[in-house]
Structures are given as C-alpha cells and as structure tokens.
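Work through the following exercises with the sequence and the model in view, and read each solution after making an attempt of your own.

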Amino acid sequence: MRYLVTAALPYANGPIHLGHLAGCYLPADIFVRWLKARGEEVLLICGTDEHGVAIELRARKEGCTPMELVDRYYTQIKKSFDDFGIEFSHFSRTSRPIHHETASNFFLSLYEKGVFEERVTEQFYDVEAGQFLADRYILGVCPRCSYDQAYGDQCERCGSSLSPEELIQPRSALSGATPVRRSTRNWFLPMDKLAEGKVFRAYAERVVNWRTHVRGQFNSWINQGLMARSMTRDLNWGIPVPLKGAEGKVLYVWFDAPIGYISATREYFQLQGGAHNEEAWKTWWQSPDTQLVHFIGKDNIVFHTIIFPMILAEHGSYVLPAQVPANEFLNLEGEKISTSRNHAIWLHEYLVDLPGRQDELRYVLTAIAPESKDSDFTWLDYQARVNNELVAILGNFVNRVMVLSHKFCGGRVPDAASMNALPPELQPALEACWFEIDSARAELYALLSEYRLREAQAAMMRLSRAGNKFLAETEPWKRVKEDPQTASGILYVGLQVCAHLAVASTPFLPSTAQKISGQLGWTARTAESDRNWWTDCAVAPGQRARHNPHLLAAEQVLGAAAHLFTPITDEQLQPLRDRLMRSSTPVSHATGASAQFSMKESDKENKESDKENKENNMEMDEKQFVPVKPEVAYPDFEKLDLRVAQIKSAERVEGADKLLKLGIDLGFEQRVVVSGIAQHFDPEGLVGLKVVLLANLAPRKIRGQMSQGMILLAENVDGRLVFAKPDEDADPGAVIR
Ligand SMILES: [Zn+2]
C-alpha cells in the first residue's frame with residue numbers, strides 16, 4: 001500500500017507550541033515512522049502556509065515585509081520540527097514559485113470547467129489606502145462590550161464573532177479612514193451544488209468510519225446546508241488570481257494552502273532529480289491505490305473534509321482523503337493556549353529549559369493526546385509521567401537488565417539454552433511474561449492501524465511492565481550465588497525483552513529506541529529485521545499470537561549501561577510553572593478581587609487546592625511581568641533608529657479622547673507625533689520634556705494626522721505609564737544605541 005500522509009501546514013506568523021505538536025505533527029510522525037518500519041511506501045508532506053490576511057497584518061505590526069516575516073518563521077518552525085525528530089519527507093513553503101504555479105493551474109483548471117460562480121458583492125473599501133479591506137483590517141467599537149479596538153471579524157475583549165457591518169464607528173486599520181462600501185467581483189465555490197457530485201458523495205460514505213468528532217463536524221456542515229464560499233480575495237499578499245480583470249485579487253488562503261501538499265510533493269520529486277520524477281508525484285496523488293491521510297487539528301476539519309475534497313473531486317484526477325485523524329485541542333494548565341497572552345509552551349523555549357528531553361515531551365504528549373476530546377497539559381502531570389513511567393518503569397527495567405548482565409553474564413548475551421533450562425517453579429512467570437508480550441504486540445499493531453496512538457503507546461509500555469514483573473518474580477540477584485545458570489536464563493529473557501522494546505518504541509521515542517539498541521550492542525538490527533518484527537505483530541482477530549522471543553544472538557557483546565531517563569526535580573519545574581502562572585487568565589490587581597476570583601474559580605475543587613490557588617494568585621499579583629520576547633540578533637536591533645527628542649508642544653486631538661498631538665524637536669528637524677497617552681498625562685505638563693523617539697518607524701495616519709515616529713514609554717505592572725527618559729544632558733537628535 002502507498003501512503004501519502006500530510007500534516008497541517010503551520011501558519012508562518014509565529015513559532016510552534018505544544019498544542020501544535022500534540023495536535024498533528026507528533027501523531028503524523030509516529031504513524032509514518034510505524035508505516036516505514038513496516039516497510040510500506042510512505043511520504044510525509046508538510047510546509048509553511050505563508051499567505052493570508054494574518055501574515056500581512058502581523059508584518060505591518062512588526063514593521064517588516066510579509067516576505068521577511070515568513071522567512072523568519074519558516075526557519076524557526078523548521079528547526080523546531082527537526083529538533084523534535086519530526087521526520088518529514090519534505091517540508092516546503094507556499095511562497096515558492098512551484099506552489100504558485102501549481103495552485104494557479106489548479107484554479108484555472110476548475111475555472112475552465114465552469115466550477116466557480118462569478119459574483120459581485122459589496123465590500124468595505126479604504127479610499128485613502130486605495131484597497132479593499134478584509135474583515136481583520138476594519139477596527140471599531142464592539143457593539144457588545146464597547147471595546148474600541150474590536151476587529152471586523154471578532155472582538156478580542158469579549159470574544160464575540162462580529163461582521164464589519166456591526167462595528168460602531170468603523171475605521172480602516174491601514175489609514176484610520178472611515179471605510180466605504182464598494183462593489184467587487186469574486187469567484188465562489190458553490191459548495192451546496194458540489195456536495196451532490198457523484199465523486200464527493202462516494203467519498204462522504206467513508207467519513208462514517210472516522211473519529212466521532214470529525215464525522216460530527218462533517219455532518220453538521222452538510223446538514224446545515226452548505227453555502228457558496230468565495231475562493232478569491234481582494235488582497236495584495238498571496239497568489240494572484242490568474243484571470244484577466246482580476247488584478248489586485250489573490251486566491252483565498254484556504255483554497256491555496258491544501259494545494260500546498262500537492263506542490264510540496266512535486267517539489268520533493270523534483271529535488272530527487274531524474275527524468276521520471278516530474279511525473280512521479282502524479283502516481284502519489286492520482287493513482288487509486290494511494291491512501292491519502294491528513295493529520296490536522298479540529299479547527300481545520302471543514303477545510304480538509306469538505307472544501308479540499310470537493311475541489312479535488314471537481315478537478316477529477318486526484319484521490320480523495322482515506323482518513324482525516326483530526327485531534328481536538330490541548331489545553332495548558334486548565335486554560336486554552338493563548339499566543340497573545342503568551343499562555344503557551346514554545347518548543348524552542350522547552351529545549352532551553354529542559355535540554356535533551358525531546359522524547360520525554362513526545363511521550364507525555366502522546367500519553368495525553370487529545371484524540372477524542374480536549375486534554376490538558378500540566379507541568380505536574382508531565383513530571384509525574386516522566387518520573388513514574390519513563391524513569392521508574394521503562395528506564396528502570398532496561399537499566400536493571402543491563403547492569404545485572406554486565407555483572408553476572410560478563411557483558412554478553414547468555415546462551416538461549418539457559419532460558420530453556422529455567423527451573424519448573426519459574427515456568428509460570430516465564431509463560432506469563434511471553435504471553436503479556438505477545439498480546440501487547442498484537443494490540444500495539446491493531447491500535448496503530450486504527451490511529452489510536454495514545455493507547456498504542458500504552459501497549460508499548462506494557463512490554464517493560466511485563467519485563468519488570470518477570471524480574472521481580474524471579475529475582476536473579478538473589479539466585480546468582482547459588483545458581484548462576486538460572487540467573488543467566490532470567491537475564492537472557494530480560495535482554496530479549498529490551499530488544500523487543502527497542503523495536504516497539506521506535507515510532508514513539510526514536511532516540512530512546514536507538515539508545516536501547518546501542519546499549520544492547522545490537523549491530524545485527526536492520527530495517528529488514530524490524531519489518532519482520534512488525535509484520536509478525538499482525539494477528540487475525542480472535543487468534544492467539546505466538547511470536548518469536550529471540551531477537552538477540554547468544555554471545556553478542558553488550559554496550560555500556562546508562563540511564564535512559566533522569567527524573568525531573570521540583571527545582572527544575574518551579575520556574576516553568578511560575579512562568580505559566582503569570583500568563584494565565586489575568587486577574588484584577590487588587591488583592592481582594594483576586595482572592596474572590598480564586599474562590600469562585602475553585603468552587604468545584606476541594607478546600608486544600610482552594611487555598612493553594614489563592615496563594616498562587618496572590619503571588620502572581622506581586623510579580624506579573626510580561627515575559628521576555630524571543631531573542632533577536634544584533635542586526636535586527638540595529639535597524640531601529642532611537643533618538644533623544646524634546647517635546648515642544650502638546651495638544652488634545654479633537655474627537656479622540658485618547659490621543660495627544662505632540663510637536664517634537666529632533667535637533668535637525670521638527671516632527672509631529674500622535675500618541676495614545678491623553679488619559680495618562682496632561683498636555684501642559686509635557687512641554688520641555690526629553691523623551692526617546694523611535695525615529696524610523698513608518699509614518700502612519702492617525703485620525704487624519706500623519707504621525708512621524710513613536711515615543712517610548714514603560715508600562716508598570718499596575719498599568720501606569722511612565723516615559724522612558726534620557727538623561728537631562730542628552731541633546732535632541734542624539735542617537736541612542
Ligand atoms: Zn466586545
């Protein structure tokens with residue numbers, strides 16, 4: 001069987017956190033490592049998604065071009081995946097020419113088949129900036145909570161979904177101008193009609209066997225009645241719509257992104273070189289014996305189970321997904337992961353805090369994988385699983401066997417005859433050990449086939465539990481003096497169980513698996529022997545498995561014994577817990593209010609943890625610092641032009657109660673800066689003050705007034721603003737560096 005496996009394209013506007021890893025990349029990697037070990041033909045395809053409004057907006061916010069932004073995050077994201085052993089066959093990016101070409105051609109092919117409906121609709125337009133505004137580009141007052149920075153699609157204070165029409169006093173995020181409505185032409189996918197297509201309907205029958213929540217979302221979209229959705233957008237950043245008269249329009253990011261899987265596959269084969277490779281990708285995408293599997297998070301279900309299959313079906317040549325094992329969400333310490341509040345654990349930070357512990361994180365994230373419902377990562381649970389499972393069960397078993405084998409067996413695998421010669425009173429323990437291993441192997445295989453990775457990992461751990469139990473029941477350390485032959489027989493079994501573990505743990509804990517092999521000195525282990533081991537695991541339902549227990553040859557020289565894992569101490573963990581506490585839901589700064597909050601929150605908890613919560617929250621009040629941003633290289637800092645400047649005049653801005661218009665002396669020139677500090681300072685008190693000005697910030701029109709730079713202020717933990725002031729001796733215009 002040929003497996004074409006994809007993992008959701010990460011959006012290149014930020015680094016990767018634990019939720020992403022648990023959501024689809026780790027499961028995809030485990031599944032694919034398993035397929036490879038079985039000797040299947042398999043590709044794991046991924047890459048960064050680099051288009052869409054959010055990228056353009058973030059770039060604007062950070063004062064760089066969208067390309068600079070995605071370059072930076074592509075590099076960082078790719079490194080995180082490499083660091084955690086996520087083995088993509090190919091990791092591409094949607095900004096590459098090959099993707100633009102593939103997506104354009106795909107669009108044209110559907111266009112020529114008459115799939116799209118052309119529609120003229122009214123949309124908000126910024127006359128000053130001369131462009132249409134995506135919902136995110138419109139700011140205004142939220143009709144629900146009166147927050148004045150609500151977006152056209154959502155209010156981030158109260159969480160309401162909004163449409164731009166609902167905003168009070170809408171304004172453009174580009175120029176501040178009031179947007180007007182203008183008509184524009186776009187190309188819509190008539191999803192209601194396409195859902196009736198023959199190919200799509202045949203595909204829809206597969207969905208019945210998928211995960212409950214995937215099927216649930218699929219059915220609810222279909223049953224609600226699908227609506228036509230525009231596949232083009234009036235935007236600058238993206239893949240230009242390849243039609244005459246469509247200037248200034250790009251493909252909808254959710255049209256082009258999944259096609260990224262196809263272009264990445266094309267690119268992969270191009271890089272392989274050779275004449276046939278230009279066509280090889282088609283075998284993978286277009287031949288009916290390919291199993292197309294999409295690993296994604298639940299927020300992408302509609303795109304991967306409805307829209308993408310629909311356009312694949314309309315194109316006509318492609319296979320449709322065989323399985324979409326979407327995960328639900330991973331929460332963090334009982335709260336949703338929030339990148340804006342930095343309530344997240346970033347992969348690159350994890351490796352700084354806990355270097356070399358990639359497999360530990362892989363293990364814990366798989367043990368709590370949100371396969372059927374949301375799950376919660378906490379540092380205490382992480383510590384408990386590392387210490388009580390990896391250290392105490394798997395690590396301890398392998399280490400005991402290794403140390404005892406060096407001590408009692410001269411550092412070599414004993415003779416197989418020693419196992420057969422075990423005395424009758426030990427036979428039941430031996431029988432139970434192999435029975436447990438046989439059934440765990442059969443279960444492991446069956447669970448992996450059903451994408452139940454969480455239970456599969458637990459089945460893998462049963463091998464080491466069986467080994468530990470056997471050692472505890474046979475106690476070779478007590479027998480060795482009286483009966484060295486029996487001790488050797490016991491350790492022979494122990495060593496073979498270690499070898500089974502090395503193979504079984506490979507998909508889940510790749511570097512641990514290698515370490516076990518290394519300690520066993522198992523140079524005879526090959527891809528072929530692994531393949532036989534896995535093939536051997538497949539047992540027909542109802543049949544009892546009898547697997548070959550002998551993997552290591554007698555007399556094989558063992559490597560040095562070393563601990564596979566070390567315990568996580570409270571001291572290591574405390575700073576990490578503290579950091580997350582600071583980013584959890586902000587509470588009022590008044591201590592009284594905070595205590596009240598924690599009482600309310602923990603109603604359902606017992607009194608003991610109630611007290612603990614209260615204490616934690618109070619502690620948080622005392623030091624609620626914003627976390628330090630990811631580090632930057634000196635050349636990035638050098639791009640900022642910071643100057644000493646002096647405020648010469650200050651006045652309120654008509655009709656804007658937050659804004660002050662400041663006249664600024666830079667020594668060599670006079671400037672105007674509009675600053676949102678009117679509620680913090682009286683204009684009269686500011687004249688004569690020396691301040692720090694970011695002098696090369698792109699000028700921006702605020703309330704019709706061009707603002708040329710930004711004055712730096714510090715925000716105290718209590719929310720009070722104070723100026724970052726240069727020394728009185730500093731002259732206006734002086735460079736700060
Ligand atoms: Zn609101």
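Two strands count as paired if DSSP finds at least two bridges between them, and helices (H or I, at least four residues) and strands (E, at least two) are DSSP runs numbered from the N terminus. The model is predicted, with local features needing pLDDT of at least 70 and side-chain atom pairs counting only at pLDDT 80 or more, while totals for chains, interfaces and linings use all residues. Residues are numbered from 1 along each chain as its sequence is written.

**Exercise 1.** Determine how strand E6 is joined to E7, and where E7 stands in the sheet.

Solution. Begin with strand E6 (residues 138-141), which runs antiparallel to E7 and is joined to it by two bridges; Gly140 has Ala150 of E7 as its bridge partner. Next, place both in the open antiparallel sheet of three strands, whose order is E7-E6-E8. Strand E7 (150-151) and strand E8 (168-172) each have a single partner strand and stand at the edges, so one side of each lacks a neighbour in the sheet.

**Exercise 2.** Describe the bend of helix H1 and state why H1 is largely enclosed.

Solution. First, locate the bend (the angle between axes fitted to the seven residues ending at a residue and the seven starting there): H1 (residues 18-37) bends by about 40° at Tyr25, with Pro27 following within four residues. Then consider burial (20 or more other C-beta atoms within 10 Å of a residue's own, with C-beta atoms placed from the backbone): 19 of the 20 residues of H1 are buried, so the helix is largely enclosed by the rest of the structure. Finally, just after H1, Gly39 takes a positive phi of about 85°.

Methods
A residue is buried if 20 or more other C-beta atoms lie within 10 Å of its own, exposed if 12 or fewer, and partly exposed in between; C-beta atoms are placed from the backbone.
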